[in-house]
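Colleague: I am new to this structure and would like to know how its descriptions are justified. Could you take me through the reasoning?

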Amino acid sequence: MTAPYGSSTSPISDPYPTPPTPAYSMHSLSSIRPRKEPTATNSVIQSALVHLLFWAVVIVYAVACPFTKVEESFNVQAIHDIVRFGISREALSNYDHQVFPGVVPRTFIGALLLSPFVRLYVVILKSFVSNDILAVRLAVATVGCLATSFFLSGVAKALGQSTAINAAFLLLTAFHYNYYLSRPLPNT
């Protein structure tokens, strides 16, 4: 039978000596104040500012880079047809997809879901800009930023507000994420 840790039953020295007592005690640590977490109001304000900053960066990319890629043009054309001609049997004859039918299956559903947001932006931007592609990009950016905000809210709940803010700033520095967040690509 062996003796418990730190005690010895034989006069021979114990191979496992008792650890030394630390120079401080738990009572001396009580004077250290814990880190103060932000209040709920500060947390909401910080979160709103981060989300607005994120949306502003995405909008800058949408406005500063007006050109489209080939893959993007299929979705833009489908959105244009839905917004301009509507969704009726008579309108289908005016759709550009009647001439180029190969892209309809993979682009029409997303364009159909996005077109109400685009129509809203077309009405809002009508007096400022005559370019409808900007309305498409703003609508896609809004949906993408809302999805990112939802993700960051989940990070804040699971890991804390400071981690969510750090994740947001990490995403803000990722050029490709912000650039493609306003592009109506099939994989976006």
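Modeller: Gladly! Let us start with a definition: the expected span of a helix is 1.5 Å times one less than its number of residues. Please keep in mind that this is a predicted model.

Colleague: How do you know that the span of α6 agrees with its 28 residues?

Modeller: By that rule α6 should span 40 Å, and its end C-alpha atoms are 40 Å apart, so the two agree. Just after α6 comes Gly160, with a positive phi of about 105°.

Colleague: What makes the spans of α3 and α7 agree with expectation?

Modeller: For α3, 16 residues should give 22 Å, and the end C-alpha atoms are 23 Å apart, which agrees. For α7, residues 161-172, the twelve residues should span 16 Å, and the ends are 16 Å apart, which agrees too. α3 is followed by Gly86, whose phi is positive, near 85°.

Colleague: What is the secondary structure of the whole chain?

Modeller: The protein chain comes to eight helices and zero strands. Of its 188 residues, 31% are buried. Among contacts with a separation of 6 or more, 65% join residues 24 or more positions apart.

Colleague: Why is Val118 called buried?

Modeller: Buried means under 20% relative accessible area. Val118 has 2% relative accessibility, so it counts as buried. This residue lies in helix α5. Leaving aside neighbours within four places in sequence, Val118 is in contact with Ile79, Val83, Ala135, Val136 and Ala139. The C-alpha atoms of Val118 and His80 are separated by 9.0 Å, although these residues are 38 apart along the chain.

Colleague: What makes a group of residues a nonpolar core, and which residues have the most contacts inside the largest one?

Modeller: The members must be buried residues of the listed kinds, Val and Ile among them, joined through side-chain atoms within 4.5 Å. The largest nonpolar core here has 33 residues, and Phe54, Ile79 and Val118 have the most contacts inside it. At least two residues of this core come from each of α2, α3, α5, α6 and α7. The largest share is that of α6, with ten residues.

Colleague: Which residues of α3 are buried?

Modeller: They are Glu72, Asn75, Val76, Ala78, Ile79, Asp81, Ile82 and Val83.

Colleague: And how do you know that the buried residues of α7 line one face of the helix?

Modeller: The buried residues there are Gln161, Ala164, Ile165, Ala167, Ala168, Leu171 and Leu172. Seen down the axis of α7, they fall within an arc of 160°, so they line one face. As a general point, an α-helix has 3.6 residues a turn, so residues three or four places apart point the same way. The face of α7 turned away from the buried side carries the exposed residues Asn166 and Leu170.

Colleague: Why is Thr173 called exposed?

Modeller: Exposed means over 50% relative accessible area. Thr173 has 63%, so it is exposed. You will find Thr173 in the loop between α7 and α8. The C-alpha atoms of Thr173 and Val57 are separated by 9.7 Å, with their positions 116 residues apart along the chain.

Colleague: Why is the pair of Tyr61 and Phe175 called edge-to-face?

Modeller: Ring centres must lie within 6.5 Å to pair, and planes over 60 degrees apart count as edge-to-face. Tyr61 and Phe175 are 5.2 Å centre to centre with 80° between the planes, so the name fits. Tyr61 lies in helix α2 and Phe175 in helix α8, so the pair ties together parts that are 114 residues apart in sequence. Phe175 is partly exposed, with a relative accessible area of 39%.

Colleague: What makes Tyr179 and Tyr180 an edge-to-face pair?

Modeller: Their centres are 4.9 Å apart and their planes are at 90°, so this pair meets both cut-offs. Tyr179, at 14% relative accessibility, counts as buried, whereas Tyr180 is partly exposed at 27%. The structure holds four aromatic pairs, and Tyr61, Phe175, Tyr179 and Tyr180 form one aromatic cluster.

Colleague: How do you know that Arg183 lies over the face of Tyr179?

Modeller: One test is that CZ of Arg be within 6 Å of the ring centre. Arg183 is at 4.2 Å from the ring centre of Tyr179, and it lies over the face of that ring.

How values were computed
Residues are numbered from 1 along each chain as its sequence is written. This is a predicted model: local features need pLDDT of at least 70, side-chain atom pairs count only at pLDDT 80 or more; totals for chains, interfaces and linings use all residues. Side-chain values use heavy atoms; hydrogens and water are left out. Rings of Phe, Tyr and Trp (its six-membered ring) pair if their centres lie within 6.5 Å; planes under 30 degrees apart count as stacked, over 60 as edge-to-face and the rest as tilted. Helices (H or I, at least four residues) and strands (E, at least two) are DSSP runs, numbered from the N terminus. Buried means under 20% relative accessible area, exposed over 50%, partly exposed in between (1.4 Å probe, protein chains only). A charge sits over a ring if NZ of Lys or CZ of Arg is within 6 Å of the ring centre and within 35 degrees of the ring normal. The arc is that of the directions from the helix axis to the C-beta atoms. Contact means heavy atoms within 4.5 Å.
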